Amino acid sequence: MADERGKDIARKIGRVLVFLILLLAGTAVQALASQGLPRQVLVIHSYHLGYKWTDEITQGITAALQEEGKGVRIRYEYMDTKRVADSAYFALLDATYRYKYRHAKFDVIIATDNDAFDFLKAHRDTLFPATPVIFCGVNYLAPSQLAGEKLITG
């Protein structure tokens, strides 16, 4: 009984987090639209397609941003760090994203969970300079993790 109640509370907290990230993302995209700027959104998921948390976040982001109209282009990356998460792999991801997105300009990046958040903190300035980041799902966030960071919220 207590285990089911804990799961129910966790689901409710997850829904609140999804709502908050969608609110932040929608606000950012609306601000860009009001300026007449292109609306290019990159979502970097820590985990893989088919992982319940990731899929629910994807559904929420897609639904919220589609309401903004056809002018929003969303690209998704899945880091797959539930399966592979060592320094060599992160170096490969850095090289892959550097090549893949060398000509891309994003208006906002959404990072889901700790690995995507930490990866962007370490590599955003070289991969996506001056691009705002909105994060969600970061566990045990301490104010020191945002010290000195610019254009990042969650």
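**Exercise 1. In this predicted model, is Asp 94 buried or exposed, and with which residue does Asp 94 form a salt bridge?**

*Solution.*
Step 1. Start with accessibility: Asp 94 has a relative accessible area of 12%. Buried means under 20%, so Asp 94 is buried.
Step 2. Now look for a partner of opposite charge. Asp 94 forms a salt bridge with Arg 98, and their closest N and O atoms are 2.9 Å apart.
Step 3. Check where the two sit. Both belong to helix 3, 4 residues apart, which means about one helical turn separates them.
Step 4. Finish with the partner's surroundings: Arg 98 is partly exposed, at 37% relative accessibility.

**Exercise 2. Which residues are joined with Arg 124 into one salt-bridge network?**

*Solution.*
Step 1. Take the sequence neighbour to begin with. Arg 124 forms a salt bridge with Asp 125, with 3.9 Å between the closest N and O atoms. The cut-off is 4 Å, so this pair counts.
Step 2. Next comes Glu 149, whose salt bridge with Arg 124 has its closest N and O atoms 3.8 Å apart. This pair links distant parts of the chain: Arg 124 lies in helix 4 and Glu 149 in the loop between strand 4 and strand 5, 25 residues apart.
Step 3. Put the pairs together: through shared partners, Arg 124, Asp 125 and Glu 149 form one network.
Step 4. Compare accessibility across the network. Arg 124 is buried at 6%, Glu 149 is partly exposed at 27%, and Asp 125 is exposed at 57%.

**Exercise 3. In what order do the strands of the sheet run, and which strands does helix 4 touch?**

*Solution.*
Step 1. Lay out the sheet: it is open, has 5 strands in the order 2-1-3-4-5, and its pairing is parallel.
Step 2. Find the edges. Strand 2 (72-78) and strand 5 (152-153) each pair on one side only.
Step 3. Look inside the sheet, where strand 1 and strand 3 pair over 5 bridges. For Leu 42, the bridge partner in strand 3 is Ile 109.
Step 4. Add the helix. Helix 4 packs on the sheet and touches strand 1, strand 3, strand 4 and strand 5, its direction making about 140° with that of strand 3.

**Exercise 4. Which residues have the most contacts inside the largest nonpolar core, and which element supplies its largest share?**

*Solution.*
Step 1. Of the 21 residues in this core, those with the most contacts inside it are Ile 44, Met 79, Tyr 97, Ile 109 and Phe 128.
Step 2. Trace the contributions: helix 4 gives the largest share, 5 residues.
Step 3. Zoom in on Ile 44. Beyond its neighbours within four places in sequence, its contacts include Met 79, Tyr 97, Leu 120 and Phe 128.

Notes
Residues are numbered from 1 along each chain as its sequence is written. This is a predicted model: local features need pLDDT of at least 70, side-chain atom pairs count only at pLDDT 80 or more; totals for chains, interfaces and linings use all residues. Side-chain values use heavy atoms; hydrogens and water are left out. A nonpolar core is a set of buried Ala, Val, Leu, Ile, Met, Phe, Trp, Tyr and Cys residues joined through side-chain atoms within 4.5 Å. Buried means under 20% relative accessible area, exposed over 50%, partly exposed in between (1.4 Å probe, protein chains only). Helices (H or I, at least four residues) and strands (E, at least two) are DSSP runs, numbered from the N terminus. Contact means heavy atoms within 4.5 Å. Two strands pair if DSSP finds at least two bridges between them. Axes are lines fitted to C-alpha atoms, for helices over the stretch in contact, and angles run from 0 to 180 degrees between N-to-C directions. A salt bridge is a side-chain nitrogen of Lys or Arg within 4 Å of a carboxyl oxygen of Asp or Glu.
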